[in-house]
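This report describes selected features of a protein model, from one loop residue to the overall composition. The sequence and the structure are shown below.

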Amino acid sequence: MDLPVLKSAKTVEQGVEYALSTIEIEEKRDPSRLKYLRVSSFPFCGTQWLLNFPKAVTGKRAETFTGSFFTSVGTTVHNSIQAIMDRSPFLIQDWKCFACGNVHTFCLRPKRCRKCKNEALQGREHEYKDDILVGHLDGAMQLTNNAIDILDYKTTSVRKFEEPGYLPDVGNVRQIEAYAALKREQGFNVTGWTLIYILRNSAQRRYCTSTKFYGHSFEEEYPRILKRIARYKKDFVCAATAQELSDVEDMVSRRRLRPDKEDTNDLCQYCQYKSLCVDNKKLTPRIENSIKVLVHKGMPK
């Protein structure tokens, strides 16, 4: 990319600031990520996915110093937590055997590998995958009475940590509650979830629990979460397999924009395409033209 011309750096500070504030590193996007609906994309909007599709396939992602810095901090904090939590007798996650590579899924740490009897096991995120949906959850905690609470670790800024109203992030909630509902559907005794927010500059912690967020038990919220996941799946399949404009009209017509509809803020609050959407069953001309272009060029197989 073209950079603003700076003929010379009069001071070291000027040279460093020019680099850190101006230069971006371009990285290619991975089109294979479009084959599945990812829990990390929740709350999911099929219209947004359609309009982002051309860029997701052919575009590049620009990485700035700030973005790279916070991503690295988040990764480092996550790895530090995981290294400690791996030694907890209450942690449920996946465990890979160093010797034979066998993976023990979503369980407390085994004393030894069930396949080769080796005692060297490494903890890892638990992968959830079905024919449409894929995701990775940090882990879960085994509580009394065999109850299970799903865990997710997040780093955050001082502002969000200290000022009311910022935490928990609604996207974080939609993702962790999905994992909780999906594991419960598989037969595990999941009774709630907990988001652990870590302040980047001091390692202070704040815990956001399902009961505190909902104001009632996860048991009451469970059916609604499953319906929400089913809707996300339906919208994704509709968008990803579209061949004609009529194939996506039903998906777009089910947009949740009215105050009496669920997910209004979840789907639209920060969406760059919000101004294109309408509060009825008709497509705006801009959305209709964009979808026609996508259908003409072909959707991902």
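Which residues does Asn118 touch, not counting residues up to four places away in sequence? In this predicted model, Asn118 touches Cys97, Phe98, Ala99, Arg112 and Cys113 under that condition. Asn118 lies in the loop that runs between strand E5 (103-108) and strand E6 (121-124). One of the residues touched, Ala99, is 19 residues from Asn118 along the chain, and the C-alpha atoms of the two are separated by 6.7 Å. The side chain of Asn118 also reaches the backbone oxygen of Ala120, at 3.3 Å. Asn118 has a relative accessible area of 25% and is therefore classed as partly exposed, since this class covers values between the 20% limit for buried residues and the 50% limit for exposed ones.

A second loop residue is Asp130, placed between strand E7 (126-129) and strand E8 (133-137). The side chain of Asp130 makes a polar contact with the side chain of Tyr128, and another polar contact joins the side chains of Asp130 and Lys233. When neighbours within four places in sequence are left aside, Asp130 is in contact with Tyr36 and Lys233. The distances for the side chains of Asn118 and Asp130 are listed below.

| Side chain | Partner | Distance |
|---|---|---|
| Asn118 | Ala120, backbone oxygen | 3.3 Å |
| Asp130 | Tyr128, side chain | 3.3 Å |
| Asp130 | Lys233, side chain | 2.8 Å |

The surface offers a further feature. Val12, Val16, Leu20, Phe65, Phe69 and Phe70 make a nonpolar surface patch of about 540 Å². Helix H1 (12-22) and helix H3 (65-85) each supply at least two residues of this nonpolar patch. Val12, one of the patch residues, is found in helix H1. Is Val12 buried or exposed? Val12 counts as exposed because its relative accessibility is 65%, and the exposed class begins over 50%.

The description closes with the protein as a whole. The protein contains ten helices and twelve strands. Of its 301 residues, 41% are buried. The accessible surface of the protein comes to about 17,700 Å², and carbon and sulfur atoms account for 51% of that surface. Among contacts with a separation of 6 or more, 60% are between residues 24 or more positions apart.

Conventions:
Residues numbered from 1 in each chain as written. Predicted model: local features only at pLDDT ≥ 70, side-chain atom pairs only at ≥ 80, totals over all residues. Heavy atoms only, no water. Helix = DSSP H or I, 4+ residues; strand = E, 2+ residues; numbered from the N terminus. Buried < 20%, exposed > 50% of the residue type's maximum accessible area, 1.4 Å probe, protein only. Contact = heavy atoms within 4.5 Å. Areas by Shrake-Rupley, 256 points an atom, 1.4 Å probe, with all protein chains shown as cover. Patch = residues over 30% accessible without salt bridge, like charges linked within 9 Å, V, L, I, M, F, W, Y side chains within 5 Å. Salt bridge = Lys/Arg side-chain N within 4 Å of Asp/Glu carboxyl O. Polar contact = N/O pair within 3.5 Å; in protein donor to acceptor, adjacent residues only side chain to side chain.
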